[in-house]
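Visitor: I would like to learn how to read a protein model. Could you take me through one, a feature at a time?

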Amino acid sequence: MEKLNRAAEEEMLLEVRDLHTYFHMPGGTVIKAVEGVNFTLKKGKVLGIIGESGSGKSVTSRAIMQIVDKPGKIESGEVIFKGEDLLKKSGKEMEALRGSQISLIFQDPNTSFNPYMTIGKQLEQAFRVHNKKAGKEECRQAVKDALKLVGLNNWEEIIKCYPCQFSAGFRQRIFIAMAMIFKPDLLIADEPTTSLGITIQAEIIQALDEIRKQVGNSVIIITHDFGVVSQFADDIFVMYAGRCVEYSPKKALLIEPRHPYTVGLLRSVPLLEARKTKRLKSIPSFPPDMANPPEGCPFAERCEWAQEKCFREAPELRSVGDGRLAACHYPLMDYKTADDTRLE
């Protein structure tokens with residue numbers, strides 16, 4: 001039994017437990033950006049975190065790396081990475097982990113580089129952060145390997161160029177190379193394809209998938225696009241108003257969602273294989289004010305299936321079978337309606 005438990009612990013790379021992150025604004029206002037988030041990530045797997053803007057996705061990723069900007073503050077919780085709680089580590093200890101064991105890819109590749117330095121110099125600097133004694137040849141080899149890892153074989157030409165000489169998609173690919181220069185165990189990609197065209201988006205997702213297969217690392221991909229997570233993720237974590245409202249293996253969630261918010265997100269995605277052209281259905285109204293959250297379910301005001309209980313009591317995240325979780329009073333309800341039959 002002890003061997004089985006040890007094997008399970010070794011397989012688990014990241015476990016986030018009851019994470020709370022608040023923003024303390026002037027005047028005493030407190031915005032509860034992340035409110036009790038829980039999820040796990042196994043080695044070599046991909047977790048897709050999806051939700052609207054303001055749902056707490058990016059704040060969750062920054063809390064994992066302890067880079068929440070002021071006036072934000074991690075109030076409580078645990079972030080267990082390779083058996084150790086990151087929230088108990090000092091600033092210097094986290095600096096040693098960032099880039100070497102956990103890397104973060106930001107949304108906008110335009111702000112990821114110094115416009116006055118060549119790509120080669122910037123990649124070398126990234127390598128020297130955790131390997132200060134590295135010689136010129138060692139740095140050059142590391143840069144070469146990183147660029148080749150993302151499919152850029154003409155590395156000798158690339159390192160002589162400046163960021164402005166490349167397109168946004170190409171810069172994002174180079175930034176992924178920078179993030180992977182130490183082959184970290186965990187790569188967090190925060191909206192890595194949002195500002196890119198559809199074709200380039202597909203290339204970036206393919207590059208991330210190829211890296212995962214070669215290196216064997218785990219990936220958290222944050223997005224508002226179900227098209228992205230449906231291609232790449234193993235499990236999907238749906239966030240709304242700073243909370244997890246549904247957590248499920250990808251296929252089960254896409255076929256049979258257990259939360260009305262997930263249904264709303266799926267309805268807003270155009271299907272290439274649809275045989276009927278129908279207007280996409282948006283979710284009505286707006287997310288709640290997290291400085292003054294509602295008493296009951298945070299999605300109740302926008303939910304077409306909401307009942308009286310939903311406005312009084314906030315539902316707990318609970319098991320709905322087959323390794324799935326949902327924060328809904330009625331998770332086993334059949335949420336499929338005539339509006340969802342776009343494949344008929």
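Guide: Let's begin with helix length, keeping in mind that this is a predicted model. A helix is expected to span 1.5 Å times one less than its number of residues. For α8, with 18 residues, that gives 26 Å, and its end C-alpha atoms are 26 Å apart, so the two agree.

Visitor: Which residues of α8 are buried?

Guide: A residue is called buried when its relative accessible area is under 20%. In α8 the buried residues are Gln201, Ile204, Ile205, Ala207, Leu208, Asp209, Ile211 and Arg212.

Visitor: What follows α8?

Guide: Gly216 does, and its phi is positive, near 80 degrees.

Visitor: Now the loop before the helix. Why does Thr193 count as buried?

Guide: Buried means under 20% relative accessible area. Thr193 has 4% relative accessibility, so it counts as buried. This threonine sits in the loop between β7 (186-190) and α8 (198-215). Leaving out residues up to four places away in sequence, Thr193 touches Gln201, Ile204, Ile205 and Val228. Gln201, Ile204 and Ile205 are also among the buried residues of α8.

Visitor: How many residues does the largest nonpolar core have?

Guide: The largest nonpolar core has 65 residues, and those with the most contacts inside it are Leu147, Leu208, Ile221 and Phe226. Take Phe226: beyond its neighbours within four places in sequence, it is in contact with Ile50, Ile236, Leu253, Leu254, Thr262, Leu265, Leu266 and Val269. There is also a second, separate core of 32 residues, which includes Phe23, Val37, Ile188 and Cys244.

Visitor: What about empty space? How many cavities of 30 Å³ or more does a search of the whole structure find?

Guide: The search finds one. This largest cavity holds about 110 Å³ of space. It is lined by 15 residues, with Pro260, Cys297, Cys303, Cys310 and Cys328 closest to its centre. Sorted by class, the lining has 13 nonpolar residues, two polar and no charged ones.

Visitor: And which residues lie nearest the centre of the second largest pocket?

Guide: They are Arg98, Gly99, Ser103, Leu104 and Met178, out of 17 lining residues. Two elements, β6 (102-105) and α7 (168-179), each give two or more residues to that lining. The volume of this pocket is about 430 Å³. Its lining divides into twelve nonpolar, three polar and two charged residues.

Visitor: So charged residues take part in the pocket lining, while the cavity lining has none. Thank you!

Key:
Residues numbered from 1 in each chain as written. Predicted model: local features only at pLDDT ≥ 70, side-chain atom pairs only at ≥ 80, totals over all residues. Heavy atoms only, no water. 1 Å grid on protein atoms, 1.4 Å probe; cavity = no way out; pocket = protein on both sides within 12 Å on 5 of 7 lines; lining within 4 Å. Points joined across faces, edges and corners; volume = space filled by probe spheres on them. Helix = DSSP H or I, 4+ residues; strand = E, 2+ residues; numbered from the N terminus. Nonpolar A, V, L, I, M, F, W, Y, C, P; charged D, E, K, R; others polar. Core = buried A, V, L, I, M, F, W, Y, C linked by side-chain atoms within 4.5 Å. Buried < 20%, exposed > 50% of the residue type's maximum accessible area, 1.4 Å probe, protein only. Contact = heavy atoms within 4.5 Å.
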